[in-house]
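Colleague: Could you take one helix of this model and walk me slowly through its surroundings, starting from the interior and then moving outward to whatever else deserves a look?

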Amino acid sequence: MRICWFDDDRLGVVVGTEVCDVSAALRVLPPARYPGPKGDTLIAHLASVRAEIERVLPQAARKPLAQARLLSPVAHPSKVIGVPVNYLKHVEEAAADKATFTDRYRGGIEEQGLFLKATSALVGCSEGIAVRFPDRRTDHEMELGVVIGKAASNVPVSQALSHVAGYAIALDMVVRGPEDRSMRKSIDSYAVLGPWLVTADEVAQPQDLAFRLSVNGELRQQSNTKFMIMDIARQIAWASSFYTLLPGDIVMTGTCEGVAQVRPGDLMHCEIDGIGAMDVAVRAA
């Protein structure tokens, strides 16, 4: 199932070239209360929501997908987790250009550690990127996004993928400079997730997905998730040894070589086989 949020916070399911408004399925969620539970309520109750979606889908209003404003398919994650230096060729390009990438981060993934992006940076593909520092370099970093479906704490690698709700395309945008990663990657709109959430049952081999990104029609990034240095299951297990992963938490699994600058007016096109494709416009903040 391909689940999205669209327009004015409507819940949708993508069927072919249409999006179906299945917001009526939200009635199976528990009543809102304050303070609410941590994590994303819909993702935490995804099984019951999916069952209700199947029931209401035949009567759902439909509109062309091209006319829908697609928001982040996860509304309220508690964490957006980034995995650095996870493709060898990206490690090599960063090492060869220390003027851009700096030399402050050394060693492999285990030495550098994971980093967190502010949840306030999260947007959907139709919302686009707002470049806040036009005098500095803002780069695209395309990645596979993994959405946690149930709480995970100290989970073994062998069980890690059973905690995944689904997958999406992710853009871990960054402004280059001397500050800590989490600061430079947490600018408003610098965490893009979309175009929808593909539920885990539809992705048989998440560790073998080809992906590509072009800017204004020029191919910039192209690789496959099989080239990750640390695979998805190990990422989840390792992260869960430091903090509990909650429903809706997003793991941005690392980018390949070819990261480069974008400027206001650019249009990024992103594709992951088996997940989908999305266009993301760049504008001035």
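Modeller: What follows is a close look at helix H8 and the core around it, and then at a few features elsewhere. Please keep in mind throughout that this is a predicted model.

Helix H8 spans residues 232-242 and gives the largest share, six residues, to the largest nonpolar core, a core that has 58 residues in total and in which Leu-171, Ile-236 and Met-268 have the most contacts. In general, nonpolar side chains tend to be buried together in soluble globular proteins. Eight of the 11 residues of H8 are buried, so the helix is largely enclosed by the rest of the structure; the buried ones are Ile-232, Ala-233, Gln-235, Ile-236, Ala-237, Trp-238, Ala-239 and Ser-240. The cover over these buried residues includes helix H5 (109-112) and helix H6 (157-160), together with strands S10 (142-148), S11 (164-172) and S16 (250-252).

Within H8, Ile-236 repays particular attention. Leaving aside residues up to four places away in sequence, Ile-236 touches Val-146, Ile-148, Val-155, Ala-160, Leu-161, Val-164 and Leu-245. Apart from the core that Ile-236 belongs to lies another one, of 31 residues, with Cys-20, Ile-43, Leu-57 and Val-74 among them.

As a bench biochemist you may also wonder about the cysteines. A search of the whole structure finds zero disulfides. Cys-125 is in no disulfide, the nearest cysteine sulfur being that of Cys-270, 8.9 Å away, and Cys-125 counts as buried because its relative accessibility is 6%. For Cys-256, the closest cysteine sulfur is also in Cys-270, at 11 Å, which is too far for a bond, and Cys-256 is buried as well, with a relative accessible area of 0%.

Turning to the backbone, most peptide bonds are trans, and most residues other than glycine have a negative phi. Against that background, the peptide bond from Tyr-34 to Pro-35 is cis, with omega near -5°, and Pro-35 is found in the loop between strand S3 (18-21) and helix H1 (41-44). Another cis peptide bond joins Gly-194 and Pro-195, with omega about -10°, and here the proline lies in strand S13 (residues 191-199). Asp-7, although not a glycine, has a positive phi of about 50°; this residue lies in the loop between strand S1 (2-6) and strand S2 (10-15), and Asp-7 counts as partly exposed, at 24% relative accessibility. Asn-216 likewise is not a glycine and has a positive phi, of about 55°, in the loop between strand S14 (210-215) and strand S15 (218-224).

Conventions:
Residues are numbered from 1 along each chain as its sequence is written. This is a predicted model: local features need pLDDT of at least 70, side-chain atom pairs count only at pLDDT 80 or more; totals for chains, interfaces and linings use all residues. Side-chain values use heavy atoms; hydrogens and water are left out. A nonpolar core is a set of buried Ala, Val, Leu, Ile, Met, Phe, Trp, Tyr and Cys residues joined through side-chain atoms within 4.5 Å. Buried means under 20% relative accessible area, exposed over 50%, partly exposed in between (1.4 Å probe, protein chains only). Helices (H or I, at least four residues) and strands (E, at least two) are DSSP runs, numbered from the N terminus. Contact means heavy atoms within 4.5 Å. A disulfide is a pair of cysteine sulfur atoms within 2.5 Å.
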